[in-house]
Amino acid sequence: MFKRKKSLVGLDIGSNVVKAIELTEFGDQMCITGFGSKVIPSPEALADTIVETFREAGIKSRRVATAVSGRSVIVRYINMMQMSDEDLRNALRFEADKYIPFELDEVVLDCAKLEEFTTGAEGGDDEMKVLLVAVKRNLIDEHIELIQGLGLTPTVVDVDSFALGNAFELNLLNSPRVEDDEKVIALIDIGAVKTNINILRGNTSYFSREVYLAGNDFTESISRRLSIDLNEALQLKMDPEGREEEIEESLLPALDDLGNEIHLSFDFFENQFDREVDEIYISGGSSSLPGLKETFERIFDRRIETWDPTEHMEIRGDRINIQELKDKGPQLSVAVGLASRLLDR
Ligand SMILES: Nc1ncnc2c1ncn2[C@@H]1O[C@H](COP(=O)(O)OP(=O)(O)OP(=O)(O)O)[C@@H](O)[C@H]1O
Ligand SMILES: [Mg+2]
């Protein structure tokens, strides 16, 4: 048989940086064949920045998987009586009405069965845990319009936190390490406006939440505490030039706040499932913030790993700047997770 060659671009349109990862399937092997990343200088320049990202990276494929996030995306984990997938689809609108703070005709709904279980001991009810996702229709429409307007074909519109989980799953799949399926893993992606928390067990998401505290707030903290303007604060954040101690100190209150928010999420998960979070992995552009890892290790009293979703992936293509790809690895988790939808059949 001929080897099929199929490509998909994971396009992560962050609030600060556009990231694109092109994955191509050669026979049964999946390779990174394109990589681009560009800061969005202003909201008006978004479309141009996406075009430039594709052009500079030399990405030819037009099929993209993207994601939405933010306050117009509602994710809920609910318990329902066990039923068939078809019945679940029919019950969805009714069920959703109880959990979604928007009018139902304003949203696009989706759901997935997570697991079935029986409550209590004898005579308990057969229940199931269901993941419910509602996204404001106008957010999806605008998103698709933007992408189509650039001559790209949107094949998947996902949600940031699930893309993050998919990237982690792909990384495990390619990893030589054998993993314990029952381990509870917390993924924390720290971007510019938000931090995404996704708690997984056996590759299934049991909790996810966005906290609106991230890179922009860190820049503001530095600016306020050192009485310098935001541009200077941003530069110092990225490259402290011998002022590490001062910068780290100015960041401590913001990092404490974020750490405490994450802690609340862990508490919620642990109370609900009676399981502790075993391992914590951080990613996102702000995961390399000076002092962040150490502060979190102190708050959570355990080791925290920064992970790179491209770590075990094949890279092909003469236009890929491998050094840049490796430097930005942790920032590419959502883009890699989106591109991994190439595996969907
Ligand atoms: N070396 C670094 N040290 C500290 N912060 C950094 C570094 N590199 C990038 N950042 C910060 O990371 C953020 C961008 O990261 P990322 O690309 O993950 O965000 P985004 O996806 O655009 O934002 P969001 O997910 O919040 O919409 C910015 O706030 C930037 O200042
Ligand atoms: Mg992001």
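**Entry 1. The three-stranded sheet**

I began with a term: two strands pair if DSSP finds at least two bridges between them. The model I examined is a predicted one. With that in mind, I looked up the order of strands in the sheet of three and noted S5-S7-S6, an open sheet with antiparallel pairing. I then recorded its edges, which are strand S5 (73–81) and strand S6 (107–118), each of them pairing on one side only. On average, neighbouring strands of this sheet are turned by 20° against each other, direction ignored.

I followed one pair in detail. S5 pairs with strand S7 (residues 126–136) in the antiparallel sense, and nine bridges join the two. I also noted a facing pair of residues: Asn79 stands opposite Lys129 in S7.

Which helices lie across these strands? I found that helix H2 (residues 85–99) lies across S5, S6 and S7 and runs at about 105° to S6. Helix H3 (residues 137–149) lies across S6 and S7, and its direction is at about 60° to S7.

**Entry 2. The five-stranded sheet**

I turned next to an open sheet of five strands, in the order S11-S10-S9-S12-S13, and noted that its pairing is mixed. Strand S11 (204–211) and strand S13 (304–306) stand at the edges; each has a single partner strand, so one side of each is left without a neighbour in the sheet. Here I recorded an average turn of 20° between neighbouring strands, direction ignored.

At the S11 edge, I counted the bridges listed for strand S10 (residues 195–201) and S11: the two pair in the antiparallel sense over seven bridges. Leu200 stands opposite Ser205 in S11.

I then looked for helices packed on this sheet. Helix H4 (residues 160–174) lies across strand S9 (184–190), S10 and S11, and runs at about 50° to S10. H7 also packs on the sheet, where it touches S9, S10 and S11, and its direction makes about 150° with that of S11.

**Entry 3. Where H5 meets H7**

I examined the crossing of H5 with helix H7 (residues 244–273). Their axes come within 9 Å and cross at roughly 120°. I noted the crossing of H5 and H7 as right-handed. On the H5 side, the contact is made by Asp217, Phe218, Ser221, Ile222, Arg225 and Leu226, and on the H7 side by Glu246, Ile247, Ser250, Leu251, Pro253 and Ala254. What classes of residue make up the contact of H5 with H7? I recorded seven nonpolar, two polar and three charged residues.

**Entry 4. The domains**

I looked up the domain assignment of the chain, which gives domain 1 (5–70 + 139–178 + 308–343), domain 2 (73–136) and domain 3 (209–304). The C-alpha centres of domain 1 and domain 3 lie 25 Å apart. I found six residues of domain 1 in contact with seven residues of domain 3. The side of domain 1 that touches domain 3 has two nonpolar, four polar and no charged residues.

**Entry 5. The surroundings of ligand 1**

Last, I inspected the shell around ligand 1. Which of its residues come nearest? Of the 19 residues around ligand 1, I noted Gly14, Ser15, Gly191, Gly215 and Gly285 as those that come nearest. Helix H5 (215–226) and helix H6 (230–238) are the elements that give two or more residues to this shell. By class, I recorded six nonpolar, eleven polar and two charged residues around ligand 1. The shell draws at least three residues from each of domain 1 and domain 3.

Terms used. Residues are numbered from 1 along each chain as its sequence is written. Chains are lettered from A and ligands numbered from 1 in the order in which they are written. This is a predicted model: local features need pLDDT of at least 70, side-chain atom pairs count only at pLDDT 80 or more; totals for chains, interfaces and linings use all residues. Helices (H or I, at least four residues) and strands (E, at least two) are DSSP runs, numbered from the N terminus. Axes are lines fitted to C-alpha atoms, for helices over the stretch in contact, and angles run from 0 to 180 degrees between N-to-C directions. Two residues are in contact if their C-beta atoms, placed from the backbone, lie within 7 Å. A residue is near a molecule or strand if its C-beta atom, placed from the backbone, lies within 6 Å of it. Ala, Val, Leu, Ile, Met, Phe, Trp, Tyr, Cys and Pro count as nonpolar, Asp, Glu, Lys and Arg as charged, and the others, Gly among them, as polar. Domain bounds come from an automatic or database domain assignment. A crossing is left-handed if the near helix is turned anticlockwise from the far one by less than a right angle, and right-handed if clockwise.
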